[in-house]
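Subject: Structure for you to look at

Hello,

Here is the structure I said I would pass on. My notes on it follow below the sequence and the model.

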Amino acid sequence: MINLSALSLIIPLIAGILLGFFFRKRKHVNLGKVTVGAIIVLIFSLGFSIGSNSELLNSMPKVGMSAFVMSILAIGFSVLFVVLARRRLLME
Amino acid sequence: MIKYILTALAIGIVAGYLNNNFSIIANNRVSDYLFNASLILLLLVMGLSFGLDKEAMGKLRRTGPKILIVPLAVASGSILGGLVGGLILRLDPLASMAASAGYGWYTLTGPLVGQIFGAEWGALGFVLNFLRELLTIVTVSLMVKIDKYAPIASGGATTMDTTLPILVRYCGSDVLIVAFSSGFILTIIAPFTIIAIASLA
């Protein structure tokens, strides 16, 4: 039940943070272009998996409207609660 | 930036659709490989910029364990949103709450909710959570104007992978740990909250 691939994502993240600490003394590390390129590839392959998921695409017309209303409400209340918590607890 | 992201998403969807229906490459593993490789690279790079940013660590330290409130607020907001949606649309409120307790993780919620509440609910859980991810990507530039944490709240469980690089791009490097940990915790608790809600029936 627990998502093992979720756990494995911590490894590159922590490796990156440690590398960052290590390179702090260096003057410039410009990764803007690498990031943009990788984001484009990531989002393209996300789109690809959506486009090739016929089960998802076929159920869109049938349940799309209810799903849209519920997703807006779920997002709306999540944003409201987080913003309230952030203001109350003075999180930076 | 958002124009490029949406274009890439649209081209990806069309390419995936064409590939699936006319089997041009006939192998979806290529896109899985691209997805994982770019995600791991991005996590490395985002971690690196966070480590380099001297202020980011200080901000995180001042906020401390309070960041754990974020996923809890997202979880309760999502479930309340599902309940209100179910009542407005006159659908089974428990099934609505379970479907929205996927927090955007549609590949889990579709099959799981489908197994418990039937195929129709599986389809709804699937599309609801897919739209949550899509809306998070589309609205990130507006959300960030409401609050720096608003896109994190919107993204739910997706803020540990698919939407993380976009959030960091728009909200700044210092939200990295808040966004990742919130997405991580929501990913871990999603199956449990869905089953817990279903057991109330």
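B:Thr158 is buried, because 27 other C-beta atoms lie within 10 Å of its own and 20 or more is enough to count as buried. Bear in mind that this is a predicted model. The residue belongs to the loop that joins helix H8 (150–155) to helix H9 (164–171) of chain B. Setting aside neighbours within four places in sequence, B:Thr158 has contacts with B:Gly104, B:Glu133, B:Thr136, B:Thr163 and B:Gly183. B:Pro191 is 33 residues away from B:Thr158 in sequence, and their C-alpha atoms are 14 Å apart in space.

Chain B as a whole

Chain B contains ten helices and zero strands, so its order of elements from the N terminus reads α-α-α-α-α-α-α-α-α-α. Of its 201 residues, 56% are buried. The C-alpha trace spans about 50 × 45 × 25 Å along the principal axes. The radius of gyration is 18 Å, which agrees with the value near 17 Å for a compact globule of 201 residues. If you take the contacts in chain B between residues at least 6 apart in sequence, 58% of them join residues at least 24 apart.

Where chain A and chain B touch

The contact between the chains involves 65 residues of chain A and 82 residues of chain B. On the chain A side, the elements giving two or more residues are helix H2 (10–22), helix H3 (32–51) and helix H4 (54–89). H4(A) has the largest share of that side, at 27 residues. By class, the chain A side consists of 45 nonpolar, 16 polar and four charged residues.

Two helix pairs across the chains

The first pair to look at is H3(A) with helix H2 (residues 29–52) of chain B. Their axes come within 8 Å and cross at roughly 145 degrees, and the crossing is left-handed. From H3(A), the residues that meet H2(B) include A:Val34, A:Ala38, A:Leu42 and A:Phe48. Among those they meet in H2(B) are B:Leu34, B:Phe35, B:Leu41 and B:Val45. This contact has 13 nonpolar, five polar and no charged residues.

The other pair is H4(A) with helix H4 (residues 69–88) of chain B. Here the axes come within 7 Å, again crossing at roughly 145 degrees, but H4(A) passes H4(B) in a right-handed crossing. The classes in this contact are 17 nonpolar, eight polar and no charged residues.

The nonpolar core

Which residues touch the most other members of the largest nonpolar core? They are A:Leu42, A:Val82, B:Ala98, B:Val127, B:Ile152 and B:Leu167, in a core of 91 residues. Helix H7 (residues 119–146) of chain B gives the most to this core, with twelve residues. A:Leu42 is also one of the H3(A) residues in the contact with H2(B). B:Val127 touches A:Leu56, A:Ser59, A:Met60, A:Val63, A:Gly64 and A:Ala67, not counting residues up to four places away in sequence.

If you open the model, I would start with B:Thr158 in its loop, then turn to H4(A), which gives 27 residues to the side of chain A that touches chain B.

Regards

Key. Residues are numbered from 1 along each chain as its sequence is written. Chains are lettered from A and ligands numbered from 1 in the order in which they are written. This is a predicted model: local features need pLDDT of at least 70, side-chain atom pairs count only at pLDDT 80 or more; totals for chains, interfaces and linings use all residues. Helices (H or I, at least four residues) and strands (E, at least two) are DSSP runs, numbered from the N terminus. The radius of gyration is taken over C-alpha atoms; the globule rule is 2.2 Å times the number of residues to the power 0.38. A residue is buried if 20 or more other C-beta atoms lie within 10 Å of its own, exposed if 12 or fewer, and partly exposed in between; C-beta atoms are placed from the backbone. Two residues are in contact if their C-beta atoms, placed from the backbone, lie within 7 Å. Ala, Val, Leu, Ile, Met, Phe, Trp, Tyr, Cys and Pro count as nonpolar, Asp, Glu, Lys and Arg as charged, and the others, Gly among them, as polar. Axes are lines fitted to C-alpha atoms, for helices over the stretch in contact, and angles run from 0 to 180 degrees between N-to-C directions. A crossing is left-handed if the near helix is turned anticlockwise from the far one by less than a right angle, and right-handed if clockwise. A nonpolar core is a set of buried Ala, Val, Leu, Ile, Met, Phe, Trp, Tyr and Cys residues joined through C-beta atoms within 7 Å.
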